[in-house]
Every structure is written in structure tokens, then in C-alpha cells.
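Let's take a walk through this one together. Have a look at the sequence and the model first, and then we'll go piece by piece.

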Amino acid sequence: MSRLFEIRDFDYFQFGNTYTGSLEQFRYRIVPKDGVLTVSLWHGEQCFERAEIQKNREFPLTPQGLEEAVAYMEQQYRCCCMDDQ
């Protein structure tokens, strides 16, 4: 699904599992709840609980919603992080 991020299949989220990951200093967290996937993004070394979350966005908890969420994450990474390289 993703070229930049290794994200679990939709079934993983459908069963209520949270997923976190990183690419360099770009951190992300995907939480499924009440029919939506909430994507949180931040930069730095800190974990989610201690970080200053820079962006939150919700997507439908559907296979298409997951694809949109990953596309959004990739767009945010390319916009914010690849310019620094």
C-alpha cells in the first residue's frame, strides 16, 4: 500500500489495534475508534504521550479511509521532511 511507510493491513485496525511508527524524525500514530481512524503526526524523539502533536486528522474506518490516511501521511512527510534533506 505505502512506499514510505510500512502500515498494517486494514484488518489490523478493524479489530481496534493502534499502530505507531516513524521515518527518521517523522513520527505517526494511527488509532481506530468509533468508526474513524485518527492519525497523529509529530517530529522528534519523544513518544506520543510526551510529544507536542503537530497534526491530527480523522479518516473513515474503511479500507479506503486507511488508504487516504496513508496518502495523507506520505504527503505530510514529503512536504515537511524531504525539503530538509
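**A helix across a sheet**

Keep in mind that this is a predicted model. A good place to start is helix α2, made of residues 63-80, which lies across β1, β2, β3 and β4. Against β4, helix α2 runs at about 155 degrees.

Now for the sheet under discussion. Its four strands form an open sheet, lined up in the order β1-β2-β3-β4, with antiparallel pairing. The edges belong to β1 (19-23) and β4 (55-60); each of these has a single partner strand, so one side of each is left without a neighbour in the sheet. On average, and ignoring direction, neighbouring strands here are turned by 20 degrees against each other.

Let's zoom in on one pair. Strand β2 covers residues 26-33 and strand β3 covers residues 36-43, and the two pair in the antiparallel sense over eight bridges. To pick out a spot along the way, find arginine 29: its bridge partner in β3 is serine 40.

Finally, hop back towards the beginning of the chain. Phenylalanine 5 sits in the segment before α1 (10-14). Is phenylalanine 5 buried or exposed? With a relative accessible area of 3%, phenylalanine 5 falls under the 20% cut-off, so it counts as buried. And what does phenylalanine 5 touch, leaving aside residues up to four places away in sequence? The list is Leu23, Phe26, Tyr28, Met73, Glu74 and Tyr77. There's also valine 70 to look for: phenylalanine 5 and valine 70 are 65 residues apart in sequence, yet their C-alpha atoms are 7.8 Å apart in space.

Definitions and conventions: Residues are numbered from 1 along each chain as its sequence is written. This is a predicted model: local features need pLDDT of at least 70, side-chain atom pairs count only at pLDDT 80 or more; totals for chains, interfaces and linings use all residues. Side-chain values use heavy atoms; hydrogens and water are left out. Two strands pair if DSSP finds at least two bridges between them. Axes are lines fitted to C-alpha atoms, for helices over the stretch in contact, and angles run from 0 to 180 degrees between N-to-C directions. Contact means heavy atoms within 4.5 Å. Buried means under 20% relative accessible area, exposed over 50%, partly exposed in between (1.4 Å probe, protein chains only).
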